[in-house]
Amino acid sequence: MAFSSSSRAKLSGTSHISKAPDKISKTSRPNLIEFTPSPTIYQKGGITSDNTVASSPLKHFTHTTRHPSFFEHDIQVEHSRKLKDLKHIFSLVGGNSFEGLVMIDAVQRLGIEYLFKDEIEEILQRQYIISSTCGGHLHDLQEVALRFRLLRQEGYYVPADMFNNFMIKEGRFSQFNVSEDIGRLMEVYEASQLSIAGEEGLDEAGQFSAKMLNECMTHLDHNQALAIGNTLRHPYHKSLPRFMAKDVFFGNFQGERRWMLHVLKEIAKKDFNMVHALHHKEIVQVTKWWKDLGLAKKLPFARDQPFKWYIWSMACLTDPSLSEQRVELTKPISLIYIIDDIFDVYGTLDELILFTETITRWDLAAMGQLPEYMKICFKALDDITNEISYKVYKKHGYNPVQSLRNAWTSLCKAFLVEAKWFASGHMPESEEYLKNGIESSGVHVALVHIFFLLGHGITEETVELIDSNPAIISSTATILRLWDDLGSAKDENQDGKDGSYIHYYMKEHRYSAAEEAQKSAINKISDAWKRLNKECLCPNPFSASFTRASLNLARMVPLMYSYDDNQRLPSLEHFIKSLLSESVPTEGVY
């Protein structure tokens, strides 16, 4: 996210600045509908960095929605029967250690795990007992790695020392043959993505696995090499399953298991298309809300990208049942972008100080001193905050208005710090910049809204914790801020004038090259992922839904900030086109 931009246009106190309007392989996608972007600017930032998926989506979607086929009675009945059969299969394979793990991995990678919550939990509880009682006596590395990953993904703490039986030194495995153990290497690499601080052995095992997989790719056929390449680029734990579901190929489902894979895929196709239609409906709702709000006309200097803002909501809240929450979340995300543009490209420093003071007091009566465009923005912010607070209170019995206001206040204060740096020419040290950049990323505002919109586990203690920008939020914000800075470092238009961790690190360490600064940022991203992994383990004061949303936000970051040489985001464009512009053919499914 950097929902908000850390790159501040040069601000003066008087002048305005105008803005240009596991054994799993993945196969390549089919040809996609052309996705035509609108003109954009490439401004470094938090969630607010612009990219080529910001254009209005409606013209691309309406002709692909196939509502009648979704709800034909006979198809629905057969779909329900297949789903029931699959749940029965889960109960049968649950007693088989490896079979149960393979099934869980499959439904998760296909993005349909929400259909099997009870079955998955029952199997994982048994697997946790196996891990706790037999962890040191299991001799199949692939099974051990898969169990470790699946358990940690669901919040179970299992020690990483279970891998010690398979290692000799420096993460290397004993009795290892690359040509015969590709599946094991891939599972170990996947498992290493869930490491926490102090698990150097697991980190070394992951590095060794990645090295061996890279070396063996040149000796494999195209499909095997493609599977390995996708695993190394998009490990499951750090990817969004629904963005990858169409590419899944399962090496574990061979021989007698293939019929189960067929059933899984057909259910996934049906589910994908129903969720596809649901997302279209939500986009129409968001677009209508944004048009009715009228900010695009009232604040012409600000961005007009409701589709892009919705993508963040769609990525964070993946459960189809959270449709209302996705639409509501898009509203504060849009305001993060709008306020960011006020601080970045339009407001004078004096105006920004007044605006921040007004937000801090949250006093409508004090709006009189603000310029008209800031009055419009603050009124919209107040209305949206009150509307969401009322909906949360009505549904969950708690009024979060003060927490939401506090989050907006912290964001604006962080924006103002950066505006003052640029106005005065102050060069903060890299750590000072990063500390403030975590606040100005907009992640805290987004996740606070998610917490209350979900409404799970709202207590005095959890509210106090969520207000304090806890580690589960700050680690996600760190990932976003540094990924953003790494991507923006490639922007030739910046010329070192915009703030970034890379820029300030090089100024602070006068003899360091860009590569050293980038390495420092990458290491900090790795450390932030370890903190996030730890925060997601039980006991955890937050709900599984909130934990998943925090992870999903972090998972979305590389897609939002992996720029190519033309300052485009090809990976994001590719996945969004597949996820929102295409349905999956269902003729003959059943």
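This section describes the nonpolar cores, the pockets and a cavity, the cysteines and two helices of a predicted model.

The largest nonpolar core of the predicted structure comprises 109 residues. Within this core, the members that touch the most others are Phe 355, Trp 408, Phe 546 and Met 556. The surroundings of Phe 546 illustrate such packing: apart from residues up to four places away in sequence, Phe 546 touches Leu 447, Ile 450, Phe 451 and Leu 454, together with Ile 466, Ile 472 and Ile 473. A second core, separate from the largest, is made up of 42 residues, among them Val 107, Leu 110, Phe 163 and Ala 268. In soluble globular proteins, nonpolar side chains tend to be buried together.

The largest pocket has a volume of about 1,100 Å³. Its lining consists of 42 residues, and those nearest the centre of the pocket are Tyr 189, Gln 193, Pro 235, Lys 238 and Trp 483. Several helices contribute at least two residues each to this lining, namely α7 (182–192), α8 (200–216), α9 (222–233), α10 (241–244), α21 (471–488), α23 (514–535), α24 (544–561) and α25 (570–580). The greatest contribution comes from α23, which supplies eight residues. By class, the lining of the largest pocket contains 20 nonpolar, 14 polar and eight charged residues.

The second largest pocket has a volume of about 900 Å³. It is lined by 39 residues, with Glu 113, Gln 153, Glu 154, Ala 544 and Arg 548 lying nearest its centre. Two or more residues of this lining are given by each of α5 (117–134), α10, α13 (306–316) and α24. Of the elements lining the second largest pocket, α24 gives the most, with eight residues. The lining divides into 18 nonpolar, 13 polar and eight charged residues.

An enclosed space was also examined. The second largest cavity has a volume of about 50 Å³. Its lining is formed by Arg 152, Gln 153, Leu 194, His 237, Asn 533, Cys 536, Leu 537 and Leu 551. Four of these lining residues are nonpolar, three are polar and one is charged. Gln 153 thus appears in the lining of this cavity and among the residues nearest the centre of the second largest pocket.

Cysteine pairing was assessed across the whole structure, and zero disulfides were found. For Cys 412, the closest cysteine sulfur belongs to Cys 377 and lies 8.0 Å away, which is too far for a bond. Cys 412 counts as buried because its relative accessibility is 0%. Cys 536, a lining residue of the second largest cavity, is likewise unpaired, because the closest cysteine sulfur, in Cys 538, is 9.7 Å from its own and too far for a bond. Cys 536 also counts as buried, at 11% relative accessibility.

Two helices that contribute to pocket linings were considered further. In α25, eight of the eleven residues are buried, so this helix is largely enclosed by the rest of the structure. The buried residues of α25 are Leu 572, Glu 573, Phe 575, Ile 576, Lys 577, Ser 578, Leu 579 and Leu 580. Ser 313 lies in helix α13, and Ser 313 is buried, with a relative accessible area of 0%. Leaving aside neighbours within four places in sequence, Ser 313 is in contact with Arg 326, Leu 329, Thr 330 and Ile 333.

Methods. Residues are numbered from 1 along each chain as its sequence is written. This is a predicted model: local features need pLDDT of at least 70, side-chain atom pairs count only at pLDDT 80 or more; totals for chains, interfaces and linings use all residues. Side-chain values use heavy atoms; hydrogens and water are left out. A nonpolar core is a set of buried Ala, Val, Leu, Ile, Met, Phe, Trp, Tyr and Cys residues joined through side-chain atoms within 4.5 Å. Buried means under 20% relative accessible area, exposed over 50%, partly exposed in between (1.4 Å probe, protein chains only). Contact means heavy atoms within 4.5 Å. On a 1 Å grid over the protein atoms alone, a cavity is a set of points where a 1.4 Å probe fits but cannot get out, and a pocket is an open set with protein on both sides within 12 Å along at least five of seven lines; lining residues have an atom within 4 Å of a point. Grid points are joined across faces, edges and corners, and a volume is the space filled by probe spheres set on the points. Ala, Val, Leu, Ile, Met, Phe, Trp, Tyr, Cys and Pro count as nonpolar, Asp, Glu, Lys and Arg as charged, and the others, Gly among them, as polar. Helices (H or I, at least four residues) and strands (E, at least two) are DSSP runs, numbered from the N terminus. A disulfide is a pair of cysteine sulfur atoms within 2.5 Å.
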